Amino acid sequence: MPQKKISFLFLLLNIVFFNFASAQKISEVDKIVAKYPKSFASTEKLADKIEGDFSSDYDRARAIYSWIAFNIKYDFNAFLNPPRTQGFSYFSEAEKQRKIKQINDNLIQKTFTSKKAVCEGFTALYQHLASLMGIKCEIIRGDSKISVRDIGRKTTSSNHAWNMVLIDKKWRLVDVTWGQGYYDSSKGRMVNDFSPIYFDTDPDYFFAKHFPDSETFLGDRLSKDDFLNGPLIYNKTIENDYRIKTPNTGIIEAKRGDKITFEIKNVSKSNQVFYLNKKNQPVKVQNPKEKRGGLEFQILIDNNVGNYITVFVDTNSIVSFEIISK
């Protein structure tokens, strides 16, 4: 297996270790769409159904997200063994665009009928359904951050795709691929487990885990350094708005005996806060203090701390940092 595939496989397995899915906030739109048929005769029929059931563009965009996430599975085999890219010839720009459109149409139809895809299929189907309802939508390609091994990477790569959708004059960030589920390493397959947090995600959270090839969002330049060197956050971090105030970098330089201060917003003493030592044993934080709407605590860097620290709140992984010896 090529080294690149091995690396990506490790990333997917790693995210499952830290980020098992759990019940999240399901909207009324999601509940309605969950009762839809798993298959429709055409994308137009599905679009008609959504348009008839929901009156606002926001709810329709959410319904598209929900239906795809409920019914399309990530094609892990295609991820490991991607089909060979087929080139084509053309004699004019018009012919080129026709052939590109045909390739995209084939991808959309394959995703819709086979009920499986990688991120390109998810994003193409989402854009197509949105366009059928007159909702402006774009596909964005870039990098993704899903593993502790991603903290402190030297460069970005184009390995993922997501959507931006224009609703009520505001561009919303959508990653329906991540909304559909996760890879279960114990079963060796993808598991559909709906996650609503990647619809209309707060840009601060979204770009902690995504970095576009353009390095910009709505004309504003994004920091590649912040993306590469920031801490790794997880689904529950976004769902519960656990904002990481301190440390403000994902790379902690420390020597044995140092105490590192952590501050996380919207966490209190009533929460169980702990981290894992290098033997994957939970260690409860000592003497936490409530401060400015959050919790402040310290972790001692001793011989039991490994190369990474992942902080948990009530059994859910919240944030990971890399530890580098001074």
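This is a short dialogue about helix packing, sheets and backbone details in a predicted model.

Student: How do you know how far to trust the prediction, and what is its mean pLDDT?
Tutor: The mean pLDDT of the protein is 88. Of its residues, 86% reach 70 or more.

Student: Which stretch has a pLDDT below 50?
Tutor: Residues 1–23 do. That stretch still has 43 contacts in the model beyond near neighbours in sequence. Where pLDDT is low, the predicted coordinates should not be read in detail.

Student: Why is α3 called oblique to α7?
Tutor: Take the angle. The axes of α3 (residues 43–53) and α7 (residues 119–132) cross at roughly 60 degrees and come within 9 Å. Roughly parallel needs an angle under 35 degrees, and roughly perpendicular runs from 65 to 115. The crossing fits neither class, so α3 is oblique to α7.

Student: Is the crossing of α3 with α7 left-handed or right-handed?
Tutor: α3 passes α7 in a right-handed crossing.

Student: What makes the contact between α3 and α7?
Tutor: From α3 come T43, E44, L46, A47 and E51. They meet L125, H128, L129 and L132 of α7. By class, this contact has 5 nonpolar, 2 polar and 2 charged residues.

Student: Why are α3 and α4 also described as oblique?
Tutor: Their axes are 9 Å apart and pack at an angle of about 135 degrees. Roughly antiparallel needs an angle over 145, and roughly perpendicular ends at 115. The angle lies in neither range, so α3 and α4 are oblique to each other. α3 passes α4 in a right-handed crossing.

Student: Which residues make the contact of α3 with α4?
Tutor: L46, I50 and E51 of α3, with R60, A63, I64 and W67 of α4. The classes are 5 nonpolar, no polar and 2 charged residues.

Student: What makes β5 and β8 edge strands?
Tutor: Look at the order. The open sheet of 4 strands runs β5-β4-β3-β8, with antiparallel pairing. β5 (170–174) and β8 (210–212) each pair on one side only. From one strand to the next, the twist averages 45 degrees.

Student: How do you know that β3 and β4 count as paired, and over how many bridges?
Tutor: Pairing needs at least two bridges. β3 (residues 137–144) and β4 (residues 160–167) pair over 6 bridges, in the antiparallel sense. I140 stands opposite W162 in β4.

Student: Which strands does α7 touch, and which does α4 lie across?
Tutor: α7 packs on the sheet, touching β3, β4 and β5, and its direction makes about 15 degrees with that of β4. α4 (residues 57–71) lies across β4 and β5, running at about 160 degrees to β4.

Student: Why do β12 and β17 stand at the edges of their sheet?
Tutor: That open sheet has 4 antiparallel strands in the order β12-β14-β18-β17. β12 and β17 (286–291) each have a single partner strand, so one side of each lacks a neighbour in the sheet. Here the twist averages 30 degrees from one strand to the next.

Student: How many bridges join β14 to β18?
Tutor: There are 7 bridges between β14 (residues 259–265) and β18 (residues 294–300), which run antiparallel. I264 stands opposite L295 in β18.

Student: What makes the T246 to P247 bond and D241 worth checking?
Tutor: Most residues other than glycine have a negative phi, and most peptide bonds are trans. The bond from T246 to P247 is cis, with omega near -10 degrees. D241 has a positive phi, near 55 degrees. P247 is in the loop between β12 (244–246) and β13 (251–254), while D241 is in the loop between α11 (235–239) and β12.

Conventions. Residues numbered from 1 in each chain as written. Predicted model: local features only at pLDDT ≥ 70, side-chain atom pairs only at ≥ 80, totals over all residues. Heavy atoms only, no water. Axes fitted to C-alpha atoms, helices over the stretch in contact; angles between N-to-C directions. Helix = DSSP H or I, 4+ residues; strand = E, 2+ residues; numbered from the N terminus. Left-handed = near helix turned anticlockwise from the far one by under 90°. Contact = heavy atoms within 4.5 Å. Nonpolar A, V, L, I, M, F, W, Y, C, P; charged D, E, K, R; others polar. pLDDT = per-residue confidence, 0-100.
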